Amino acid sequence: METKTNLTRRQFFGTSLKTLAGVGLASSFMGKALSETCELTPPQTEGPFYPVRDQADKDNDLTWVKGQRQRAKGQIIHVMGTVRDDSCEPLQGALVEIWQACESGKYNHPGDPNTAPLDPNFQYWGRAVSDEKGQYHFITILPGNYPAAPGWIRPSHIHFKIQRRGFHELTTQMYFQGNPYNAGDRILMALPPQEQEKVIILFQKSPNVFEFEQGSQVGTFDIGLRLVR
Ligand SMILES: [Fe+2]
């Protein structure tokens with residue numbers, strides 16, 4: 001199973017590069033991507049909804065909860081990327097933890113005042129460990145926008161916490177390109193524009209390989225960790 005997953009990841013990354021080569025942009029884009037992904041990912045607030053409830057199911061597929069017969073509601077997305085240090089070396093064995101709201105914008109947290117319904121079929125947080133190429137992969141759903149304060153709607157986002165011995169722990173948030181609430185988000189807008197670019201991710205229709213079910217979308221969020229010196 002593990003081998004199968006690694007193979008399909010390679011297929012995916014391979015497919016992306018082939019597509020770029022086809023439009024003649026491969027060399028310039030790859031050079032740019034390489035320098036970009038080696039930059040450090042900006043930290044952002046943990047927010048008030050870091051998970052406090054344990055779950056029997058803590059894996060990297062948040063769309064199925066052990067024991068439930070139905071899948072989570074919402075647009076299925078694949079969030080993938082590479083964890084690297086600031087000299088571009090991929091980091092194996094980084095613990096990548098995510099937590100997020102369900103499709104309605106509600107967290108499974110006792111402190112969430114949102115009256116939107118919880119989805120019993122959604123696994124509100126999960127974990128993955130980066131492989132020998134530094135890659136991680138989550139299957140989840142597009143979280144809903146939710147009200148944060150009067151006059152402030154938080155855009156869809158996924159919270160991340162990444163830990164790797166020898167590196168500073170990173171807590172941050174990932175956003176979705178094209179969300180109309182991004183521009184009014186007080187947390188995202190607190191970052192300088194060049195840092196915002198690193199955490200606003202383009203999601204596109206998944207390539208037609210078996211790991212990506214029809215109708216799903218995929219986005220790449222690379223993560224740069226700061227070495228403890
Ligand atoms: Fe949040």
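Here a biologist and a modeller talk through a predicted protein model, one question at a time.

Biologist: Before we start, what kind of model is this, and how are residues numbered?
Modeller: This is a predicted model, in which local features need pLDDT of at least 70 and side-chain atom pairs count only at pLDDT 80 or more, while totals for chains, interfaces and linings use all residues. Residues are numbered from 1 along each chain as its sequence is written.

Biologist: What average pLDDT does the protein have?
Modeller: The pLDDT is the predictor's confidence in each residue, from 0 to 100. Of the residues, 84% score at least 70. The average for the protein is 87.

Biologist: Which stretches have a pLDDT below or under 50?
Modeller: Where pLDDT is low, the predicted coordinates should not be read in detail. Two residues are in contact if their C-beta atoms, placed from the backbone, lie within 7 Å. One low stretch has six contacts beyond near neighbours in sequence, and another has 11 contacts beyond four places in sequence. These are residues 1-11 and residues 13-37.

Biologist: How many helices and strands does the protein have?
Modeller: Both are DSSP runs numbered from the N terminus: helices (H or I) have at least four residues, and strands (E) have at least two. By that reading, the protein has three helices and 12 strands.

Biologist: In what order do the five strands of the open sheet stand?
Modeller: Two strands pair if DSSP finds at least two bridges between them. The pairing in this sheet is mixed, and its edge strands, E3 and E9 (200-201), each pair on one side only. The order is E3-E2-E7-E8-E9.

Biologist: Why is strand E7 described as largely enclosed by the rest of the structure?
Modeller: A residue is buried if 20 or more other C-beta atoms lie within 10 Å of its own, exposed if 12 or fewer, and partly exposed in between, with C-beta atoms placed from the backbone. Strand E7 covers residues 157-163. It is largely enclosed because the number of its seven residues that are buried is five.

Biologist: Which residue in E7 stands opposite Val96?
Modeller: Strand E2 (residues 95-99) and E7 pair in the antiparallel sense over five bridges. Within E7, Glu97 has Lys161 as its bridge partner. Opposite Val96 stands Ile162.

Biologist: Which residue in the hairpin of E7 and E8 takes a positive phi?
Modeller: E7 and strand E8 (residues 170-176) pair in the antiparallel sense over six bridges, and Lys161 stands opposite Thr171 in E8. Six residues lie between the two strands of the hairpin. The one with a positive phi, near 95 degrees, is Gly166.

Biologist: Which residues have the most contacts inside the largest nonpolar core?
Modeller: A nonpolar core is a set of buried Ala, Val, Leu, Ile, Met, Phe, Trp, Tyr and Cys residues joined through C-beta atoms within 7 Å. The largest one here has 37 residues; elements giving it two or more residues include strand E1 (76-85), E2 and E7. Ile162, for one, is in contact with residues including Val83, Val96 and Leu170. Those with the most contacts inside the core are Val83, Val96, Ile98 and Ile162.

Biologist: Is Pro51 buried, exposed or partly exposed, and what is its place?
Modeller: Pro51 lies in the loop between helix H2 (26-37) and E1. Leaving aside neighbours within four places in sequence, Pro51 is in contact with Trp99, His109, Tyr124 and Trp125. Because it has 17 C-beta neighbours inside 10 Å, Pro51 counts as partly exposed.

Biologist: How far apart in space are Pro51 and Gly126, C-alpha to C-alpha?
Modeller: Gly126 is the bridge partner of Ile98 in E3, and E2 and E3 pair in the antiparallel sense over five bridges. Pro51 and Gly126 are 75 residues apart in sequence. In space, C-alpha to C-alpha, their separation is 10.0 Å.

Biologist: Which residue in the loop between E1 and E2 has a positive phi although it is not a glycine?
Modeller: Most residues other than glycine have a negative phi, and most peptide bonds are trans. The residue in question has a positive phi of about 75 degrees and counts as partly exposed, with 14 C-beta neighbours inside 10 Å. Its name is Cys88.
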